[in-house]
Amino acid sequence: MSKLILVFLGPPGVGKGTQAAKLADDLKLPHISTGAIFRDHLKRETELGKKAKSYMDAGNLVPDELTVSMVMDRLGQPDCDAGYILDGFPRNLKQGEELDKALQARGESITAALNFDAPRSVLVDRIAGRAEKEGRKDDTPETVKNRLEVYDAETGPLTPWADGKRILHSFDAQGTVDEIYARVKVVVEGLKAGD
Ligand code: AMP
């Protein structure tokens with residue numbers, strides 16, 4: 001089958017990272033989480049990490065110039081040849097357009113955008129649970145509030161953007177991890193079959 005390029009969309013706390021990791025494992029494709037890459041840079045105190053830190057700590061988006069070049073570097077690695085799962089990128093329309101442009105130059109396009117959603121109260125509860133387990137610095141109540149606002153203002157518009165490209169698949173992200181994953185698998189199997 002042709003290269004599977006999947007984009008996972010959804011607000012913080014919706015569980016898309018968990019679903020993306022499961023699917024990546026299943027399909028043997030790289031799971032590219034921009035949040036995880038940034039957190040690794042922060043930990044290693046790289047130049048990029050130092051530049052990204054204040055944005056991340058406040059729950060704001062890291063500027064596009066830094067983010068897009070980091071992602072493009074990653075997509076050029078040999079393990080991305082058969083496809084990949086992007087989790088947390090694109091995060092605004094500009095990043096979406098940059099991704100489209102880069103893919104177009106290679107004769108490629110996004111196969112599908114998987115969009116996850118759940119009521120705000122569920123998101124806030126899930127993030128609170130994760131904060132206890134993982135101790136992420138950006139999981140504090142004030143930062144979470146800002147991240148949800150940033151999502152609404154910047155990332156939300158990617159849903160109609162993907163719909164306009166006829167690549168959008170939306171999922172109710174309530175339920176157990178396995179229940180949601182079963183729904184994801186149905187869609188992904190359909191994508192593979194329709195190849
Ligand atoms: P996440 O783990 O996806 O919630 O990302 C954690 C933080 O990393 C975000 O709040 C942003 O500060 C930063 N980040 C992750 N992905 C992006 C992106 N595509 N563009 C800008 N900033 C990002």
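The questions and answers below concern a predicted model and its ligand. Local features in this predicted model need pLDDT of at least 70, side-chain atom pairs count only at pLDDT 80 or more, and totals for chains, interfaces and linings use all residues. Residues are numbered from 1 along each chain as its sequence is written, and side-chain values use heavy atoms, with hydrogens and water left out.

Trainee: How many residues surround the ligand, and which helix gives the largest share of the shell?

Mentor: The shell holds 16 residues, each with a heavy atom within 4 Å of the ligand, and these divide into five nonpolar, six polar and five charged. Four residues of the shell, the largest share, come from residues 34-44, which form helix α2.

Trainee: Which polar side-chain atom lies 2.9 Å from an oxygen atom of the ligand, and on what residue?

Mentor: Counting N or O pairs within 3.5 Å as polar contacts, the side chain of Thr 34 places an N or O atom 2.7 Å from a ligand nitrogen. For an oxygen atom of the ligand, Arg 91 offers a polar side-chain atom at 3.0 Å, whereas the distance of 2.9 Å belongs to a polar side-chain atom of Arg 39.

Trainee: Is Lys 28, with its positive phi, buried or exposed?

Mentor: Lys 28 has a phi of about 60° although it is not a glycine, and it lies in the loop between α1 (16-27) and β2 (31-33). Because its relative accessible area is 70%, and over 50% counts as exposed (under 20% is buried, in between partly exposed; 1.4 Å probe, protein chains only), Lys 28 is exposed.

Methods
A polar contact is a pair of N or O atoms within 3.5 Å; within protein, one must be able to donate a hydrogen and the other to accept it, and residues adjacent in sequence count only if both atoms are side-chain atoms. Helices (H or I, at least four residues) and strands (E, at least two) are DSSP runs, numbered from the N terminus. Ala, Val, Leu, Ile, Met, Phe, Trp, Tyr, Cys and Pro count as nonpolar, Asp, Glu, Lys and Arg as charged, and the others, Gly among them, as polar.
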